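Here are some exercises to work through with the model open beside you. Try each task yourself before reading its solution.

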Amino acid sequence: TIEEVKNFEIKEIARTHYPIYFRVLDINGFPLYTSNGFKEIEYRSDSVLSKARIGIETRENIHIPGRKRPFRIITIPIYGSEKASYILQVGTHLHFVIKSLVNLRNNILAIFPIILILGTMGGWILAKRSLSPISYISAKARSITSENLSERLEVRGTKDEMDELIHTINEMIARLEDSFKRMVEFTADASHELKTPICALKGEAEVLLSKARAPEEYQEGLTHFIERFDYMNRMINDLILLSKTDASQAELNMVPIRLDLLLNELGYLFQVLAERKGLILEIDPLEEVVVEGDKIRIQQLFPNLIDNAIKYTLQGSVHITLEKNKETSIVRIRDTGIGIPKEEQGNISQRRTGEYLPKKNRRISLNVFIGSISPDPGRQVE
C-alpha cells in the first residue's frame, strides 16, 4: 500500500551511506509513488519501461547534468497474478563506491614502495641464507687436496637439495680417494715387482763380466736375459691391468706349471744375490710337480718371497723345499732372518704402500699352497 511505501521511505532517509531513492509505476509507466530523492534524479527511459513490461530486469548507470556523481538505477517488474502489474525503480548514487575505489588505489600506490623495499630486503636475506652453504662447499672443496682426501663435507641435516649436493660431492671425493689409493698402490707394486728381477739381472750380468768366458756362455746368459726381459714386459702389462680393475676381478690364465723347474730357475737367479750378502741359498732336491695355475701370478709371488727372505736375513741361510701331497703341493721358504712383527702377520697378503720395520726374535714360516697362503709359528719369511 501507499502507506507502507511512505513508512519505508522514512526509514531509508536516515541512511548516511548509499541512500536509496525509488518510485513505483503502473504497468503503463505512470508514477504511483515517487520518493523525494528520486525526484532529483529526473530519470525516465521508455526502452527500460518497455523491457519491464515484458518481464526483463535492467541495470544502468546514468549521469545527471550538473551532477558529478553518477547514479545506479535498477528497474524491476513486479508481478501480480501471472503478468507484470507494477514497475519498481530503485536508485542510489555511486559517490561512496567511487571514493572507496579511489582510496584503495591511493593506499596501494602508497604501500607499493614499502612492499617493494621489504620484498627486496627479504629476498636478499633469504637468498644469502640459502646460498651460504654454497660458500661453505666452495671453501671446503678448495681446501681438499691429495693429502687430505679423507675429509668430507658436513651434511646440514635439512634433507634438501643442498644436502643432496653435499652427499654427491662426498661420494665424488670418496671415489677420488679410492682412485688415488689405487694409483699409490700401483706405483708401490710396480716398484716392488720390477726391482727384484732388475737386481737379479744386474747380479747375473756382473757374474758374466767377472771373468773371460766362452762365447757359448755369453750366448746362454744373453738368452736368459731375453727371457727375463719378456717376463718383465708381461709383468708391466699385468700391473697396468691390475691398476684398472680390482685384483678380485682380474682374469687368471690357468695352465699346467712345473713348480720344480720354476723353483730351480729362481734358485739359480737369486743365488748371486744370496752370495753377495754372504748367505746360503739351499734348494732341496725337487721331485716333478705339475699344478694348474696362472704362470704370471706365480712368477710374481715366489721371486718376491725369496727376495724378501734374502733382504731381511743378515746372516744364515734361506731354505726352499717343495712337498707333494695327494691333493696339494706345498712350497716352504724359510730363513734365519729378523722376522715379521706379530701385529703385521695378519697383513701378509695385503697390499702395502711402504715398508714396515721388522722386530727381532719374531719368526714365521710361510707355507704357500696352490690358491692359499697360511702363516704358522716357526721360522720366518716375509
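**Exercise 1: a long helix**

Helix α4 bends by about 35° at I111, and a proline, P113, follows within four residues. The bend at a residue is the angle between axes fitted to the seven residues ending there and the seven starting there. Before going on, note that this is a predicted model, in which local features need pLDDT of at least 70, side-chain atom pairs count only at pLDDT 80 or more, and totals for chains, interfaces and linings use all residues. Residues are numbered from 1 along each chain as its sequence is written, and side-chain values use heavy atoms, with hydrogens and water left out.

Task: Find how far α4 reaches from its first C-alpha to its last, and what is expected at 1.5 Å a residue.

Solution:
- Step 1. Count the helix: α4 has 49 residues. Helices here are DSSP runs (H or I, at least four residues; strands are E, at least two), numbered from the N terminus.
- Step 2. Apply the rule: the expected span is 1.5 Å times one less than the number of residues, giving 72 Å for α4.
- Step 3. Compare: α4 reaches 71 Å, close to that expected value.

**Exercise 2: two sides of α4**

Task: Which residues of α4 are buried, and what do they pack against?

Solution:
- Step 1. Use the cut-offs: buried means under 20% relative accessible area, exposed over 50%, partly exposed in between (1.4 Å probe, protein chains only).
- Step 2. F96, P133 and I137 are buried in α4.
- Step 3. The buried residues of α4 pack against β5 (84-93) and α5 (161-209).
- Step 4. For contrast, look at I98, also in α4: I98 is partly exposed, because its relative accessible area is 39%.

**Exercise 3: helix α8 and D307**

Task: Is helix α8 largely enclosed or open, and why?

Solution:
- Step 1. Locate α8 at residues 295-311; its end C-alpha atoms are 24 Å apart, which agrees with the span its 17 residues should have.
- Step 2. Of those 17 residues, 14 are buried, so α8 is largely enclosed by the rest of the structure.
- Step 3. Take D307, found in α8. D307 counts as buried because its relative accessibility is 11%.
- Step 4. List its partners: leaving out residues up to four places away in sequence, D307 touches T196, F270 and L273. Contact means heavy atoms within 4.5 Å.
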